[in-house]
Amino acid sequence: MCNNCDCSNCHNNAEHKMKRHHAIKSCLGRNPDAFRSKIAGGRSGEAKGWHNKGCNCKRSGCLKKYCECYEANIKCTSSCKCVGCRNYDDSSEMNLEEKIVNVKDKWPESVITPAVVEAVCGSLLAQAEKAERKAQSPVQAEHMVLDEFGRCLTQIVKAMFKN
C-alpha cells in the first residue's frame, strides 16, 4: 500500500482496502504471476539468478539501469528479447544460454522466414524425388539431399552477410 505518496487521487491505501483487494484479485485472475518477482533464483545484489521472462531492451545494449537483468546484476539469457545485447559473460566458460544470446544478436532472424524454410524443404524434397526417379541407392539419395541442403545453407549465409 502507498504511504505518504505523491499519487493523485490514490486508492492504494487502508481507506480503500476493499477496492484494493478486489483490484488485486481481478488482476491475479487475468495473470496469476502478476505480483511475482521477475527475478528468480538469487538474492538482490548478487550475480546469481535469472529473469523469468527476460528483458526487452532495444538500445541500451543491456548495460544500463533500463535493463531489468543488468539492474538485478544478472546476465541476459536466451529468454531475453533484447537487441544488441552486451550483458553476457565473455569468458571461455560461457554457458549455452549466454552463447545463444550472443549469436542471436549477430545473426538477423529476418533472413530465415517461413517462406525460406518452405523453399528449402521443397528443394530437399525435389532432390529426394529426383533420386527416387533415377533409382539411386539410399546412400546416393542421401548424398544428393545433403548436397542440396549444403547449397541452401550457403545461400542463407550469403543472404545473412548481405544484410
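**Close-up views of a predicted model**

**View 1. Helix α1 in the open.** Of the 14 residues in α1, the number buried (under 20% relative accessible area with a 1.4 Å probe, protein chains only) is 0, so this helix lies largely in the open. Helices here are DSSP runs of H or I with at least four residues, numbered from the N terminus. The ends of α1 agree with expectation: at 1.5 Å times one less than its number of residues, α1 should span 20 Å, and its end C-alpha atoms are 20 Å apart. This is a predicted model, in which local features need pLDDT of at least 70 and side-chain atom pairs count only at 80 or more, while totals for chains, interfaces and linings use all residues. Residues are numbered from 1 along each chain as its sequence is written, and side-chain values use heavy atoms, without hydrogens and water.

**View 2. Confidence along the chain.** Mean pLDDT (the predictor's confidence in each residue, from 0 to 100) is 77 for the protein. Helix α1 (residues 17-30) has the highest confidence, at 89, and helix α3 (residues 96-106) the lowest, at a mean of 43. Where pLDDT is low, please do not read the predicted coordinates in detail.

**View 3. Asn87 at home in its loop.** Asn87 sits in the loop between α2 (68-71) and α3, and is buried, with a relative accessible area of 4%. A polar atom of the Asn87 side chain lies 2.9 Å from the backbone oxygen of Ile74. Leaving out residues up to four places away in sequence, Asn87 touches (heavy atoms within 4.5 Å) several residues, including Gly61, Leu63, Tyr70 and Lys75.

Note on methods:
Helix = DSSP H or I, 4+ residues; strand = E, 2+ residues; numbered from the N terminus. Buried < 20%, exposed > 50% of the residue type's maximum accessible area, 1.4 Å probe, protein only. Polar contact = N/O pair within 3.5 Å; in protein donor to acceptor, adjacent residues only side chain to side chain.
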